[in-house]
Amino acid sequence: MLPSYEVIVALTPLWEGERSDDGRPRVPDDDLAALAGATAEHAWSILDHAGYPRQYVGGWVQSSPGRAFAGRALTCGFVPYRPDLNEAVVRDGRAHGFTEGGRQNTWVIESLGAGDCFVADIFGKVFNGTVVGDNLGTAVATRTGVGAVIDGGVRDLTGLRELEANFYFRDTDPSPIREVVLNTVNAAVTIGGATVLPGDVVLGTELGVTFIPPHLVAAVVQESKKTAHRDRFGKLRISERIYTTTEIDTGTWAEHIEADYTAWTKDNPI
């Protein structure tokens with residue numbers, strides 16, 4: 001259930017930077033902060049060009065709609081309950097110091113740290129698939145400062161809405177989590193058609209979530225800054241009625257507009 005440091009490193013070989021104690025790529029905090037202004041479109045253009053076109057997932061309910069975040073994925077996956085598998089998972093959990101009586105979703109939450117994003121694949125299960133309520137949600141929020149992406153359900157939404165975090169989920173239900181087994185932690189999981197690896201940076205926006213491979217985060221940050229800077233110039237020139245929306249809202253600016261932008265950038269650097 002719990003992979004070794006070496007296994008996680010082998011799973012994420014393109015990352016050459018710092019790693020967390022468990023082996024996950026640890027994208028710098030400054031890059032996470034810089035992503036706060038990024039959009040799903042900024043990220044998607046970079047990912048698509050790099051060969052990762054299916055990393056965006058929409059169609060969520062959010063506990064704090066519009067509250068953007070960027071965090072490092074700590075992944076987990078659940079499967080429908082099977083007694084022999086459950087016994088094996090309980091033995092493995094005991095060997096790693098988790099109490100046998102504790103619910104298996106709490107084992108993952110207890111592993112979270114600052115800047116993490118709790119990513120749970122529970123195969124879209126809502127009834128008896130509520131991975132967190134307001135108590136466990138409080139633990140997620142205080143441990144991470146970020147939130148969670150849960151391909152399943154939550155309960156106690158009123159309490160979740162009071163937290164300084166954002167939870168993306170499929171629906172709510174008053175039932176507890178039951179009839180599932182924690183099958184993987186810090187392994188590859190599938191969230192809404194996207195493959196997510198431990199240490200991916202989860203970009204949560206008003207539209208949905210994007211799972212960014214860590215070795216591409218710096219490129220997304222640069223693209224976001226560049227696009228935001230060009231947007232600032234374009235909106236300024238439109239408001240000044242120097243250029244029309246047709247001239248600005250196009251994939252390639254005319255040479256005289258590019259020249260104007262280059263001159264403007266000298267006094268207004270990115």
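Let me start with strand β4, where D116, F118 and A120 point one way while C117, V119 and D121 point the other way, and where every one of these six residues is buried. I should say at once that this is a predicted model, and that what follows is read from its coordinates.

The pattern in β4 fits a general expectation, since in a regular strand the side chains alternate between the two faces of the sheet. The strand itself covers residues 116–121 and is mostly covered, with 6 of its 6 residues buried.

What are the pairing partners of β4? On one hand there is strand β3, residues 69–80, which runs parallel to β4 and is joined to it by 6 bridges, and in this pairing R72 stands opposite D116. On the other hand there is strand β6, residues 147–151, also parallel to β4 and joined to it by 5 bridges, with I150 of β6 serving as the bridge partner of A120.

Let me move now to a single residue, G153, which belongs to strand β7, a run made up of residues 153–154. Is G153 buried or exposed? Its relative accessibility is 0%, and because buried means under 20% relative accessible area, G153 counts as buried.

Which residues, apart from its neighbours within four places in sequence, are in contact with G153? They are K125, V126, G129, T130, V131, V132 and D171. For one of these, T130, I can also give a backbone distance: the C-alpha atoms of G153 and T130 are separated by 4.2 Å, although the two residues lie 23 apart along the chain.

Stepping back to the protein as a whole, there are 10 helices and 14 strands, and the C-alpha trace spans about 70 × 40 × 30 Å along its principal axes. Of the 270 residues, 48% are buried. If we take the contacts between residues at least 6 apart in sequence, 72% of them join residues at least 24 apart.

As for the surface, the accessible area comes to about 13000 Å², and carbon and sulfur atoms account for 51% of that figure. Finally, on charge, the protein carries 24 positive and 36 negative side chains, and the centres of these two sets lie 2 Å apart.

To close where I began, the picture I would leave you with is of β4 with all of its 6 residues buried, joined by bridges to β3 and to β6, and of G153 in β7, buried at 0% relative accessibility.

Definitions and conventions: Residues numbered from 1 in each chain as written. Predicted model: local features only at pLDDT ≥ 70, side-chain atom pairs only at ≥ 80, totals over all residues. Heavy atoms only, no water. Helix = DSSP H or I, 4+ residues; strand = E, 2+ residues; numbered from the N terminus. Buried < 20%, exposed > 50% of the residue type's maximum accessible area, 1.4 Å probe, protein only. Contact = heavy atoms within 4.5 Å. Areas by Shrake-Rupley, 256 points an atom, 1.4 Å probe, with all protein chains shown as cover. Lys, Arg positive; Asp, Glu negative; His and termini not counted. Charge placed at Lys NZ, Arg CZ, Asp CG, Glu CD. Pairing = 2+ DSSP bridges.
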